[in-house]
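User: Please take a close look at one loop for me, and then walk me outward from there to the rest of the chain. I work at the bench, so plain language is welcome.

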Amino acid sequence: HGWQPPADPMQFPAGFVWGAATSAFQVEGSTTADGRGPSIWDTFAATPGRIHDGSTGDPAADHYRLWESDLDLIADLGLAAYRFSVAWPRIQPTGSGDVNQAGVDFYRRLVDGLLARGIHPAITLYHWDLPQPLQDAGGWAVRETADRFGEYAAIMFEALRDVDATWLTINEPKTTAYVGYRWGAHAPGISDVDQAAAAIHHQLLGHGRAVEAFRASGAAGEIGIALNLLPVYPTSREADPAAVHTDAVENRMFLDPVLLGRYPSDAIGSEPGQLPADADAFQELVLDGDLEVISAPLDVLAVQYYGVTGVDELGNQVEVYPTSTAVWQQVHPEGLYDLLMDLLIDYPGAPPLVITENGIPDPTSEGTTDDPERLEFLRAHLQQAARAIDDGVRLVGYYAWSLLDNFEWAEGMSQRWGLVHVDFETQERTPKASAEWYSSVVRANAVTRS
Ligand code: GBH
């Protein structure tokens, strides 16, 4: 009695924000134009052996020059929002001090171009391109970098204070700490557990300083942080304790300080896990008042979801679902539902959620415009998002990763994540089948159930 079969199509709430995302270093190119300083990714990409295909940030997808036609493309797809990041070294070429006005002007033009087309800007302040001089002074392993980040953030809030934007402070502090400082596979290419632990705290402190600056600025819009979260599934009953620990390292180490104002006691200082840094040394980094700054209330929590991991009884991460051509990505759409429901239950005081990244790479490095795998991936994940909304999750938007094929970090130009194909010889853009399909989802504000 009273039971209704679920609707087909699955409708999203009115006002749900549909978008696509990029980041500065991955798409802009023009790495020395208009006074931009060097970033750690310029340095890393110039180091032989670091990037799979030897490519650099130039020209990437040449978006610094093609931004206007790219905005037309976004409008043609009917997207309501575009997420991009600001390259800190365009704003402050050395990471501190004077503002490079030409850099600010670029983002002002981009934002004005979005607004003229009725497209909402979601602006990430830091998507991994730290000014190289700040790395030379210790990077995220030192506390001063958090202060510099707060100053840079304040410059951007002032420059765009009239804009009703969604601001995201730091993109995936976990990736920078673990891949950049623990495993050395990303810039700055360091392999040091203690620096990795310090990089966690100092990025989160930088996030908090930026939120403080945002509130003080009186700028319009809203602010949050973008965390990549990873549902962890034990592969046996015996694996339960190890899975709890992996969940601490992968998820709670970032969620708890931001949302609850404390670090989880089980993430650092104990085997197994990928971050058995020294717990006492970590505590010494956390000064009085830091956790209040880090846990300042947010308007939105941005979630980036790519897949799940399994954990065995020894604490090893193991494959429990098939991977995409990105070997780290175990594809499991229901994991998105599990993650959103876990957040609802474990963090009842959390702000509304927005998914700011979700996607897969093409099966081959040449790329294609015929991408049924991506279309099915997006459909399955959107179905799970709709299910979670039905079950009470406050999810207010979704941004596909990525708008364009681009520079995929250590994979260079060899791994294509775009809804839109980019010919890297001619820079010609061609929407893939998934882009046309996504466009119809956006226009219907709904996804088919089957
Ligand atoms: C996101 O990170 C990034 O925000 C985005 O810029 C990127 O383009 C997108 O994913 C696709 O990768 O080299 O084996 O150590 C997702 C989380 C963390 C996944 C780092 C890849 C490197 C694995 N990423 N990880 S490895």
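Analyst:
**The loop at Pro59 and beyond**

Let's start with Pro59, which sits in the loop between α2 (40-45) and α3. Please keep in mind that this is a predicted model. The peptide bond joining Asp58 to Pro59 is cis, with omega at about 0°.

Moving on along the chain, we come to Asp62 and Arg65. Their side chains meet in a salt bridge, with N and O 3.1 Å apart. The two partners have unlike surroundings: Asp62 has a relative accessible area of 8%, so it is buried, while Arg65 reaches 60% and therefore counts as exposed.

A second salt bridge brings in helix α3 itself. Here the side chains of Arg117 and Asp72 meet, 2.9 Å from N to O. This pair links distant parts of the chain: Asp72 belongs to helix α3 (residues 63-76), whereas Arg117 is in the loop between α5 (101-116) and β4 (120-126), and the two are 45 residues apart. With a relative accessible area of 26%, Arg117 is partly exposed, and Asp72 is likewise partly exposed at 36%.

The loop that holds Arg117 is worth a little more of your time. Ile119 also lies between α5 and β4, but Ile119 is buried, because its relative accessible area is 2%. From the C-alpha of Ile119 to that of Gly367 the separation is 28 Å, and the two residues are 248 apart along the chain.

On the other side of β4 comes the loop between β4 and α6 (132-136), where Trp128 is found. Trp128 has a phi near 85°, a positive value in a residue other than glycine. At 6% relative accessibility, Trp128 counts as buried. Glu172 offers another case of positive phi outside glycine, near 50°. Look for Glu172 in the loop between β5 (166-171) and α8; at 6% relative accessibility it counts as buried.

Before Glu172, helix α7 offers a salt bridge of its own. Arg148 pairs with Glu151, and the closest N and O atoms are 2.9 Å apart. The two residues are 3 places apart in helix α7 (residues 144-159), so about one helical turn separates them. The general geometry helps here: an α-helix has 3.6 residues a turn, so residues three or four places apart point the same way. Arg148 is partly exposed at 23% relative accessible area, and Glu151, at 35%, is partly exposed too.

Salt bridges that share partners also build a network, joining Asp362, Asp371, Arg374, Asp405, Arg416 and Lys432. A search of the whole structure finds 23 salt bridges.

Back to cis peptide bonds: the bond from Ala187 to Pro188 is cis as well, with omega near 10°. Pro188 is placed in the loop between α8 (173-182) and α9. Helix α9 (residues 193-217) contains Asp194, and Asp194 joins Asp278, Asp280 and Glu284 in forming a negative surface patch. With 41% relative accessibility, Asp194 counts as partly exposed.

Further along the chain, Ile294 is in helix α12 (residues 290-294). Ile294 is buried, because its relative accessible area is 0%. Ile294 and Trp409 are 115 residues apart in sequence, and their C-alpha atoms are 28 Å apart in space.

Next is Thr364, placed in the loop between β11 (353-357) and α14. A relative accessible area of 38% makes Thr364 partly exposed. Thr364 and Ser414 are 50 residues apart along the chain, with 8.2 Å between their C-alpha atoms.

The last stop is helix α14 (residues 372-390). Its 19 residues reach 27 Å from the first C-alpha to the last, close to the 27 Å expected at 1.5 Å a residue. Of those 19 residues, 14 are buried, so α14 is largely enclosed by the rest of the structure. After α14 comes Gly392, whose phi is positive, near 110°.

Terms used. Residues numbered from 1 in each chain as written. Predicted model: local features only at pLDDT ≥ 70, side-chain atom pairs only at ≥ 80, totals over all residues. Heavy atoms only, no water. Patch = residues over 30% accessible without salt bridge, like charges linked within 9 Å, V, L, I, M, F, W, Y side chains within 5 Å. Areas by Shrake-Rupley, 256 points an atom, 1.4 Å probe, with all protein chains shown as cover. Salt bridge = Lys/Arg side-chain N within 4 Å of Asp/Glu carboxyl O. Lys, Arg positive; Asp, Glu negative; His and termini not counted. Charge placed at Lys NZ, Arg CZ, Asp CG, Glu CD. Helix = DSSP H or I, 4+ residues; strand = E, 2+ residues; numbered from the N terminus. Buried < 20%, exposed > 50% of the residue type's maximum accessible area, 1.4 Å probe, protein only. Expected span 1.5 Å × (residues − 1).
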